[in-house]
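Let's take a look inside a protein and see what sits around its ligand and its empty space. Have the viewer ready and follow along.

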Amino acid sequence: MLIRKAGDIRPSEITCESNYLNRRDFIRAGAIAGGSLIASSALAAVIPEMGMARLADVAVSPLSTDETSNSFEDIATYNNFYEFGLDKSDPYKYAEDFKTRPWTIEVSGEAEKTGTFDFDEFVKPFDLEERIYRMRCVEAWSMVIPWVGISLAEVVKHFNPTSKAQYVAFETLNDRKQMPGVRGRALDWPYREGLTIAEATNPLPILAVGIYGNVIPNQNGAPIRLVVPWKYGFKGIKSIVKIRFMSTRPRNSWNMAIPREYGFYANVNPTVSHPRWSQARERRIGAGLFADKQETLMFNGYGEHVAHLYKDLDLRRNY
Ligand SMILES: Nc1nc2c(c(=O)[nH]1)N[C@H]1C(S)=C(S)[C@@H](COP(=O)(O)O)O[C@H]1N2
Ligand SMILES: [Mo]
């Protein structure tokens, strides 16, 4: 029997699909077949032997939500990654051949330990954890994503920032050869983001290296990207090559592009509208054409962990 219910599919099988989901032809075939999850699981049954880049020794985190995760297909085919194009369906098509090895991460600035590290060497000291988090894009849609990653707080501690380090800045790779989007001027490349040191050492943020127990797909920010679940999705910078500890606030790409619409903090906040739309509600990707929008939660539902960080901040002005 080829067709099973979603609940019967083990994560390892979903992973199996991932290798094929990167192939644009299969995506089209799945879309034509109608129920894409059914089409995918059927494929997994037909082709049992697939090279899966499964991540080993992943601990389950108590910080995960018990909401149902989006399908792998939703997560890997509906993306924002402007380096690979502006449409939601561009990143999975144009990042297919993106080279994520060898990959180095340069750590610099106000820290005792700095240098340039190979990706594997960078990740090795830290425990891998599955963190199932809600993700709320500033465009008023959301998903639930089962990330695998390392704690950003642990990473920050490891590099021993000095007392001057008030912020952490991140940069994405900027490669015209591999990234068709950076030949255009949609943003001032490289993509940049930043957090305060208090935000970066909160237990919630992770540097994600996987999804559904497997190595993260290129279109989701391979080989390593930031996830900050109480902030709008654009803070979650992808394909990171630089991390810098700074005494002054770093600039961030969307704030540089349109400062009156996008700030530095970008905390999810249903009471502060975007100048062009309300942030009170959100569309859950995969909920179906006729599903009602759902209410957006303050700090995306993570207030008990982070509200204290902003108790002296005017969130209307510091959007
Ligand atoms: N380098 C880079 N990082 C990026 C973006 C981008 O365009 N370039 N888009 C951001 C936005 S707007 C969102 S909503 C999330 C989307 O992450 P996902 O595609 O893994 O769901 O990535 C963020 N990180
Ligand atoms: Mo976004």
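By class, how many nonpolar, polar and charged residues does the lining of the largest cavity have? Keep in mind that this is a predicted model. The lining of the largest cavity is made up of 8 nonpolar, 2 polar and 4 charged residues.

**The cavity**

The count gives 1 cavity of 30 Å³ or more, and the largest cavity has a volume of about 90 Å³. It is lined by 14 residues, and M135, V227, V228, P229 and G233 are the closest to its centre. Now find the strands: strand 4 (128–136) and strand 10 (225–227) each bring at least two residues to the lining. Strand 4 gives the largest share, with 4 residues.

**The ligand**

Next, move over to ligand 1. There are 16 residues around it, and N79, Y82, E83, G236 and K238 come nearest. Sorted by class, that shell holds 7 nonpolar, 6 polar and 3 charged residues.

Some side chains reach oxygen atoms of ligand 1 with their own polar atoms. Here they are:

| Side chain | Partner | Distance |
|---|---|---|
| N79 | an oxygen atom of ligand 1 | 2.8 Å |
| N220 | an oxygen atom of ligand 1 | 2.9 Å |
| K238 | an oxygen atom of ligand 1 | 2.7 Å |

So how much of ligand 1 does the protein bury? On its own, ligand 1 exposes 530 Å², and the protein buries 98% of that.

Technical notes. Residues are numbered from 1 along each chain as its sequence is written. Chains are lettered from A and ligands numbered from 1 in the order in which they are written. This is a predicted model: local features need pLDDT of at least 70, side-chain atom pairs count only at pLDDT 80 or more; totals for chains, interfaces and linings use all residues. Side-chain values use heavy atoms; hydrogens and water are left out. A residue is near a molecule or strand if one of its heavy atoms lies within 4 Å of it. A polar contact is a pair of N or O atoms within 3.5 Å; within protein, one must be able to donate a hydrogen and the other to accept it, and residues adjacent in sequence count only if both atoms are side-chain atoms. Accessible areas come from the Shrake-Rupley method with a 1.4 Å probe; for residues, only the protein chains shown count as cover. Ala, Val, Leu, Ile, Met, Phe, Trp, Tyr, Cys and Pro count as nonpolar, Asp, Glu, Lys and Arg as charged, and the others, Gly among them, as polar. On a 1 Å grid over the protein atoms alone, a cavity is a set of points where a 1.4 Å probe fits but cannot get out, and a pocket is an open set with protein on both sides within 12 Å along at least five of seven lines; lining residues have an atom within 4 Å of a point. Grid points are joined across faces, edges and corners, and a volume is the space filled by probe spheres set on the points.
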